[in-house]
Amino acid sequence: MYQLFTPRFLLLLLGLWISAYLPTARAQGGAPPGVAATGSAKRQLQAVRITEGIKLDGVLDEAVWQQAPVASDFVQQRPNPGVPEKQKTEVRILYDDANLYIGAVMHDVAQDSIMREMTQRDHFGNTDIFSVFLDTYHDQLNGYNFTVTTSGVQLDARYSPAGGEDFNWNAVWDARTSMRGTDWVAELRIPYSAIRFSNAQEQLWGLNFARQRKRDNAQFFWNEVKPAVNGFVNQWGELRGVRDIKPPLRLSLTPYVSAYVNHNPLNAEGTRRTTTNFNGGADVKWGINESFTLDATLVPDFGQVQSDNQVLNLSPFEVQFNENRQFFTEGTELFNKGNLFYSRRVGATPIGFYGVQLGSKEKLVRNPAETRLLNATKVSGRTKQGLGVGFFNALSNDVYATVRNDETSQERRVLTQPFSNYNIMVLDQSLKNNSYVSLINTNVTRWGSTYDANVTGGLFRFANKKNAYAVDGSLVYSRRRGTAFNSSREIDDQDGYKYQLGVGKISGNFTWGLNHGIESASYNPNDLGILFGNNNITQSFDVAYRKFKPFWKVNNMAFFGQVSHSLLYQPTRYQNMSFYTGFNTTFTKSFLQIGYDFDASPVTHDFYEPRTFPLGEYFVRVPGNAGIVLFVNSDSRRKFAYGVNAGGRLYGLDERLARARRLRYSAGFYPRYRVNDHLTFRYSLDWSLADNQIGYVNGGLSAAEILDQPLLGQIILGRRDVATVSNVVSVAYTFTNRMSFTLRTRHYTSNVRYADFARLGPNGQETLVDYRRNRDNTYNAFNVDAVYSWWFAPGSQVSIVWKNAGSTFLLAEEATPQYFNNFNNTINTPHNNSLSVKVLYYLDYLTFRRSN
């Protein structure tokens with residue numbers, strides 16, 4: 001009775017869609033050349049071949065620049081779509097056997113109209129920018145972005161259906177800018193080694209240019225990009241005239257050396273508190289052919305990446321951390337297909353980290369929390385027929401904990417992570433009309449007596465010729481075989497599956513989507529992916545209305561809405577239903593953005609909170625509730641800018657027990673002050689308070705605790721107040737467009753205070769119990785990340801990093817709700833300190849060959 005629609009209905013709908021889609025494609029033969037999926041004509045630009053060198057200085061004084069055709073008459077995309085630019089932009093393209101050159105002149109009314117904040121590489125700021133976009137296989141799905149700011153700061157990105165706009169991708173290229181009267185000029189040199197293209201005699205590439213005029217908060221495109229049309233790459237123009245160029249031998253080596261000094265006052269007695277180590281390795285890039293590239297990192301060193309934002313986790317699910325390691329953020333769009341790859345699994349905490357067994361007179365003196373990688377390799381590319389192929393492989397070595405006997409001082413090693421291989425294979429076929437089909441396989445193989453895991457998935461998306469409607473779906477199978485680590489017990493979740501099917505209107509001011517999916521009770525992709533809970537049947541219907549053109553006193557407006565419903569898959573039982581609506585708009589003169597998010601749910605059955613398996617018998621009943629969050633963001637062009645949000649959630653009374661009503665409040669404040677074009681301060685404050693929250697008693701019950709013993713084997717819930725505060729202060733000073741310093745300091749505290757306890761029975765029944773153990777707790781985390789970075793040559797960098805980290809977990813009477821007591825306690829607790837220096841040097845085979 002709870003299902004909104006059945007899989008049979010969706011399969012019938014899919015069949016009708018495909019039967020209507022395929023004959024149309026055969027009859028029409030696709031869109032004619034130069035016509036986008038929306039029917040609008042595509043602009044074309046001719047490139048000019050040169051034989052003499054170009055001096056990259058941002059001046060454009062070589063005579064050949066004046067001989068090249070001009071791309072001009074840009075069209076505004078925001079805040080007023082479709083309006084021609086008033087301050088003209090002129091762009092020309094030259095090329096030779098090794099490089100593509102782009103020269104752009106951005107006319108303006110006065111120099112003080114040109115914003116020019118200086119930032120780190122790949123960071124936007126309060127600045128004008130110029131961008132060039134290339135779709136080198138002209139598949140209208142995948143592309144490159146090369147951007148330069150008025151101060152010469154470089155940004156680059158990749159575009160793909162899986163990754164969207166990905167600024168984690170970095171290429172080795174160069175750019176220079178200059179001011180010329182009331183104009184600013186950008187000159188870019190993009191080596192062919194930075195991009196991939198076919199071996200055709202005459203190239204046909206997708207092309208677009210963009211200009212951001214920050215003073216007006218306006219963005220313009222050469223080939224018009226309509227915000228109401230689904231997709232971005234499919235709305236680019238075309239580059240013609242590039243002939244007789246060959247994909248170069250793309251071979252580069254980036255060796256590194258690094259040195260660390262680490263002081264940890266918490267190291268066990270008898271071990272060194274201050275340690276030093278030196279590392280060396282290299283990154284290798286090799287263009288196997290014109291389409292495919294091999295990226296490998298040998299003995300990688302990720303010690304300088306930004307610290308994770310550690311939190312107190314009271315939920316039944318793991319915390320998902322951001323990926324900060326460049327090798328795993330750059331060029332991974334193929335591997336992210338289907339969301340089956342969570343890169344933090346590679347080099348993660350050893351699977352036996354928490355299970356080291358100690359004797360009565362033993363202590364743990366060393367237990368590495370990360371798995372050191374031996375190497376990692378990516379091979380990826382796309383053929384001229386639009387077939388994307390990706391291969392990823394990584395190897396990690398054995399990891400051991402060290403245990404010492406207090407009496408004899410003898411030490412023994414305990415294996416916590418066996419030698420492991422992580423592998424991903426992807427095939428992704430681009431189709432016309434912004435469509436694709438994909439196949440992905442992930443595999444984890446571990447040596448020794450433990451288990452292996454394999455996941456295989458197929459995905460598709462078909463859009464109609466007008467790019468107005470689309471149907472998409474996926475089918476995934478997970479397989480695990482072997483025994484649990486250091487156990488003879490067969491692994492659970494040996495075979496499982498998931499599928500998803502959706503259909504919707506994807507373009508226009510009004511859009512909608514209908515989705516249905518199932519994750520079986522034994523579906524488990526978590527060895528190389530991440531899934532917070534399986535055993536679900538979900539369905540949803542969402543709608544959105546967006547007005548892109550200014551009207552009244554606002555620049556734009558957007559309304560969103562969704563109805564979703566969820567069942568437990570096995571046994572089929574109701575979980576939850578929710579209603580959501582959201583709104584946001586930006587005022588025309590002040591560029592002040594306001595909006596809200598509102599949602600409401602009837603009674604929810606949470607089958608995961610009791611931490612019992614199999615699911616179905618026990619659940620925590622959550623009363624019906626409604627919540628709203630209001631937010632305001634000021635004009636980012638001002639020296640002082642801010643964001644503010646505030647929200648609350650009201651729960652219905654749970655009349656089964658004499659308990660106070662549940663409430664939840666939250667607030668956030670995010671000011672930023674830009675002192676000048678080099679120095680910026682940022683602060684963020686996040687606060688939340690959950691009153692009378694009901695949840696599983698964190699930490700569970702222990703047989704070693706006398707007060708726990710009468711309740712062992714029972715599910716105990718606690719009524720608690722949870723107060724959480726997170727403060728982040730950051731400073732960024734950019735010396736030049738290739739040299740910067742950043743300092744980030746974070747303090748996080750979360751305090752839990754219990755009021756009473758209840759025994760959970762089947763079907764959500766709760767009975768108060770007389771439980772006297774003090775389960776209050778407070779978690780504090782403090783981190784400092786200071787980074788000096790200097791890009792002294794293209795692709796070459798020196799970085800000096802200081803890290804300071806400390807945390808406390810206070811229990812029972814030691815726990816305190818006072819924020820400043822927690823802050824002082826955290827500051828005065830011994831911290832781990834690390835200072836490191838790392839040098840990367842980029843060696844390009846082509847440059848080396850020319851110099852000899």
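**Asparagine 393 and some aromatic pairs**

The side chain of asparagine 393 reaches the side chain of asparagine 423 through a polar contact of 3.1 Å (a pair of N or O atoms within 3.5 Å; within protein, one must be able to donate a hydrogen and the other to accept it, and residues adjacent in sequence count only if both atoms are side-chain atoms). This is a predicted model, where local features need pLDDT of at least 70, side-chain atom pairs count only at pLDDT 80 or more, and totals for chains, interfaces and linings use all residues. Residues are numbered from 1 along each chain as its sequence is written, and side-chain values use heavy atoms, with hydrogens and water left out.

**Around asparagine 393**
- Another polar contact, of 2.9 Å, links the side chains of asparagine 393 and asparagine 421.
- Asparagine 393 is buried, at 15% relative accessible area (buried means under 20%, exposed over 50%, partly exposed in between, with a 1.4 Å probe and protein chains only).

**Aromatic pairs**
- The count of aromatic pairs comes to 43 (rings of Phe, Tyr and Trp, its six-membered ring, with centres within 6.5 Å; planes under 30 degrees apart are stacked, over 60 edge-to-face and the rest tilted).
- One of them joins phenylalanine 419 and tryptophan 447 edge-to-face, with 5.0 Å centre to centre and 90° between the planes.
- Phenylalanine 419 is partly exposed at 24% relative accessible area, and tryptophan 447 is also partly exposed, at 47%.
- Phenylalanine 757 and tyrosine 771 have ring centres 4.8 Å apart and planes at 80°, so this pair is edge-to-face.
- Phenylalanine 757 is buried at 7%, and tyrosine 771 is buried at 6%.
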